[in-house]
Amino acid sequence: MSHFYPQYRVIWLPSEKFEDSTMMLHCRVEIDHLSREHWLPVYDNKYNAIANPNADDIQDNMQRCFVKTVALFGLGILVYVLLETFSNYLKSIFSCSTLK
């Protein structure tokens, strides 16, 4: 991101805390005159909301929220395209391999 858009900014908007002690994070990413906002609940690796999340839980989900917000610009799709291409390349190598 910083290689192609060194002028980008990440702004963390106020998070929401709910009665059940779960949280919702809000992020805005700005690139020049464009901006996108998104939100994400603080959840575990099984997509269950975490009650009373600790700093590590919040940090992990801040990164997820940032990536999700960046995706709204259409950025990051190249990662999936390259991974798919690489995966197909590996499959073709190993399917043609004479190793058993």
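Two strands pair if DSSP finds at least two bridges between them. Helices (H or I, at least four residues) and strands (E, at least two) are DSSP runs, numbered from the N terminus.

This is a predicted model, in which local features need pLDDT of at least 70 and side-chain atom pairs count only at pLDDT 80 or more, while totals for chains, interfaces and linings use all residues. Residues are numbered from 1 along each chain as its sequence is written, and side-chain values use heavy atoms, with hydrogens and water left out.

**Exercise 1. State how many helices and strands the protein has, and in which order they occur.**

Solution. Step one is the count: the secondary structure comprises 2 helices and 3 strands. Step two is the order: starting at the N terminus, the elements run β-β-β-α-α.

**Exercise 2. Describe the sheet and the pairing of its strands.**

Solution. Begin with the general principle: strands of a sheet pair through backbone hydrogen bonds, either parallel or antiparallel. Here the sheet is open, has 3 strands in the order β1-β2-β3, and shows antiparallel pairing. Its edge strands are β1 (9–17) and β3 (34–41), each of which pairs on one side only. On average, and with direction ignored, neighbouring strands of this sheet are turned by 20° against each other; axes are lines fitted to C-alpha atoms, for helices over the stretch in contact, and angles run from 0 to 180 degrees between N-to-C directions.

Next, take each pairing in turn. Strands β1 and β2 run antiparallel and are joined by 7 bridges. Across this pairing, Val10 stands opposite Val29 in β2, and Leu13 stands opposite His26 in β2. Strand β2 (residues 23–31) pairs with β3 in the antiparallel sense over 8 bridges. Here Glu30 stands opposite Ser35 in β3, and Ile31 has Leu34 of β3 as its bridge partner.

**Exercise 3. Identify which residue takes a positive phi in each hairpin.**

Solution. The hairpin of β1 and β2 has 5 residues between the strands, and in it Ser21 takes a positive phi near 70°. The hairpin of β2 and β3 has 2 residues between the strands, and in it Asp32 takes a positive phi near 55°.

**Exercise 4. Explain why β2 is described as largely enclosed, and place this beside the burial of the protein.**

Solution. First, fix the terms: buried means under 20% relative accessible area, exposed over 50%, and partly exposed in between (1.4 Å probe, protein chains only). Of the 9 residues of β2, 8 are buried, so this strand is largely enclosed by the rest of the structure. For the protein, 24% of its 100 residues count as buried.

**Exercise 5. Examine the length of helix α1 and its packing on the sheet.**

Solution. The expected span of a helix is 1.5 Å times one less than its number of residues. For the 17 residues of α1 this gives 24 Å, and the end C-alpha atoms are 24 Å apart, which agrees.

Consider the sheet again: β2 and β3 pair over 8 bridges. Helix α1 (residues 55–71) packs on the sheet and touches β1, β2 and β3, with its direction at about 140° to that of β3. Contact means heavy atoms within 4.5 Å. The buried residues of α1 are Asp57, Asn61, Met62, Cys65, Phe66, Thr69 and Val70, and these pack against β1, β2 and β3.

**Exercise 6. Characterise the aromatic pairs and the burial of their residues.**

Solution. Rings of Phe, Tyr and Trp (its six-membered ring) pair if their centres lie within 6.5 Å; planes under 30 degrees apart count as stacked, over 60 as edge-to-face and the rest as tilted. The structure holds 2 aromatic pairs. Tyr8 and Phe66 form a tilted pair, at 6.3 Å centre to centre and 35° between the planes. This pair links distant parts of the chain, 58 residues apart: Tyr8 lies in the segment before β1 and Phe66 in helix α1. Tyr8 is partly exposed, with a relative accessible area of 26%, whereas Phe66 counts as buried at 17%.

The ring centres of Tyr43 and Tyr47 are 5.1 Å apart with planes at 40°, so this pair is tilted. Tyr43 counts as buried at 14% relative accessibility, and Tyr47 as exposed at 64%.
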